[in-house]
Amino acid sequence: MGGSFRIGNIAGIDIYINFSWFIVVVFLTISLAIGWFPSLVPGYATGAYLFLGMLASLLLFASVLLHELAHSLVARSRGLPVKSIILFIFGGVSNIEQEPERPGIEFQMAFVGPLVSLLIGGLSLLILYFIGGRSPLGAVFTYLAASNLLLGIFNLIPGFPLDGGRVLRSIIWKITGNFRRATRIATIVGEVIAYLLIVCGVLLFFAGNTFSGIWIGFTGWFLFSAAQSSNAQVAFDTAFRGVVVSQVMETHVETVPANISLQRLVDGYFLPHALRSAFVMQGERFAGVITLGEVRQVAREEWGQTLVGFVMTPVEQMKVAQPQQPIGDALKLMIAQRANELPVVQNGQLVGVLTRDGIVHYIEIRRSLGMHNAA
Ligand SMILES: [Zn+2]
């Protein structure tokens, strides 16, 4: 998982922290230690404020974790597999592998996150009622109450892909019975709210309210880009729905035998056809792939005596596509592997190759023929 690392596993769900988290924790700790705590509970040493800042940051982190766990555990109890949670300081992403099948499930899944944040906020207020806000610990709970209530309310903004947008989507879905239309409407609402926030931010900024202006404008921009990317996801799913690998793959595949030397590979295949890689056959069986990079790792004077089969990446260590696999799955695999092509294999036989160019070409042809999937 790029830019994130695993910190543990809770109830079978892998928990990751994004690297940006460390930077934000440091900034948050420092800004709480020089701003929030000295103004609430004056007269302590700098070290004490830093400790309180760190404590408050970590408790906020735990709150965000509980918010995400609530989404994930409800999803799983409704039969949706959950692989992992990635945490950023102000939020997280639950990696739920499937979209819910019924609007009621989506409603529960989406609503429980903000509900947990509001409950933590409420609980902090209750604790504050008993211990009072004038002690260092009281200041920590004041911060927890404020941040969790804000987190709960912000996430209830009805713009997809925020939790509130998912709640809205589930309601429209329930009314119209159409998942895709509901997604589109919730996304548009998200974009409209994002625009309003940006305009609001700019107006506040020029009215002299610099800090609030920047903060609200930034929030709008964040919401807008989130709405855009979820829109792209829906467009992606729509373009590829019902299409399988065998419809898009090229069936004519150049292969090389495993028992030729690297010298013959370069002179007979790579140079004349300007190839950077080739699929390797061991007799009739698909054996692996050999790339120019792998050839280069062998000293040139040994090319004559070294066989392709010894240098190639064997098929057991490669990702391959199956002919009946949905094209979207194969493309996600290619993106994850940073590969430009995937061999298509059925029962150990190489039946074709799926290339990025081929996929782009396929979409262009469908578009030019006006073939759209009905939503
Ligand atoms: Zn949430």
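This is a chat about the zinc site, salt bridges, domains and one sheet of a predicted model.

Reader: Hi! Let's start with the metal. Which protein atoms are the donors of the zinc ion?

Author: Happy to help. The donors are NE2 of H67, NE2 of H71 and two OD atoms of D163. They lie 1.9 to 2.8 Å from the zinc ion.

Reader: And what spacing do the donors follow along the chain?

Author: The pattern is H-x3-H-x91-D.

Reader: Nice. How far apart are H67 and H71 in helix terms?

Author: Both sit in helix α2, which covers residues 46–77. Because they are 4 residues apart there, about one helical turn separates them.

Reader: Are those two histidines buried or exposed?

Author: H67 is buried, at a relative accessible area of 4%. H71 counts as buried too, with 8% relative accessibility.

Reader: What about the geometry of the zinc site, with its 4 donor atoms?

Author: The site is irregular, with angles among the donor atoms running from 52 to 150°. A tetrahedral label would need every angle to lie between 85 and 135 degrees, so a range like that does not qualify. For reference, the ideal angle for four tetrahedral donors is 109.5 degrees.

Reader: Got it. Switching topic: how many salt bridges does the structure hold?

Author: There are 3 salt bridges. Side chains of opposite charge can pair when their charged atoms come close.

Reader: Which residue does D14 meet in a salt bridge?

Author: The partner of D14 is R6, and the N to O distance is 2.8 Å. D14 is partly exposed, with a relative accessible area of 22%. R6 is also classed as partly exposed, at 46% relative accessibility.

Reader: And E106, which side chain meets it at 3.8 Å?

Author: That one is R166, with the 3.8 Å taken from N to O. E106 belongs to helix α3 (residues 103–131) and R166 to helix α5 (residues 163–176), so their contact ties together parts 60 residues apart in sequence.

Reader: How accessible are E106 and R166?

Author: E106 is buried, with just 1% relative accessible area, while R166 is partly exposed at 25%.

Reader: Where does R169 come in?

Author: The side chain of R169 forms a salt bridge with E106, at 2.8 Å from N to O. This pair links distant parts of the chain, since R169 is in helix α5 and E106 in helix α3, 63 residues apart. R169 and E106 are both buried. Through shared partners, the salt bridges join E106, R166 and R169 into one network.

Reader: Cool. Zooming out, how is the chain divided into domains?

Author: Domain 1 spans 4–156 and domain 2 spans 245–368. Their centres, taken over C-alpha atoms, are separated by 46 Å.

Reader: Last topic, the sheet. What order do the 4 strands have?

Author: The order is β5-β6-β7-β8, in an open sheet with mixed pairing. At the edges stand β5 (255–257) and β8 (313–314). Each of those has a single partner strand, so one side of each lacks a neighbour in the sheet.

Reader: How do β6 and β7 pair, parallel or antiparallel?

Author: They are antiparallel, with 6 bridges between β6 (residues 277–282) and β7 (residues 285–291).

Reader: Which residue in β7 is the bridge partner of S277?

Author: That is T291. As background, strands of a sheet pair through backbone hydrogen bonds.

Technical notes: Residues are numbered from 1 along each chain as its sequence is written. This is a predicted model: local features need pLDDT of at least 70, side-chain atom pairs count only at pLDDT 80 or more; totals for chains, interfaces and linings use all residues. Side-chain values use heavy atoms; hydrogens and water are left out. Donors are N, O and S atoms within 2.8 Å of the metal (3.2 Å for Na, K and Ca); water is not among the atoms, so sites may look incomplete. Four donors count as tetrahedral if all angles lie between 85 and 135 degrees; four count as square planar and six as octahedral if opposite donors are over 155 degrees apart and all others between 65 and 115; anything else is irregular. Helices (H or I, at least four residues) and strands (E, at least two) are DSSP runs, numbered from the N terminus. Buried means under 20% relative accessible area, exposed over 50%, partly exposed in between (1.4 Å probe, protein chains only). Domain bounds come from an automatic or database domain assignment. A salt bridge is a side-chain nitrogen of Lys or Arg within 4 Å of a carboxyl oxygen of Asp or Glu. Two strands pair if DSSP finds at least two bridges between them.
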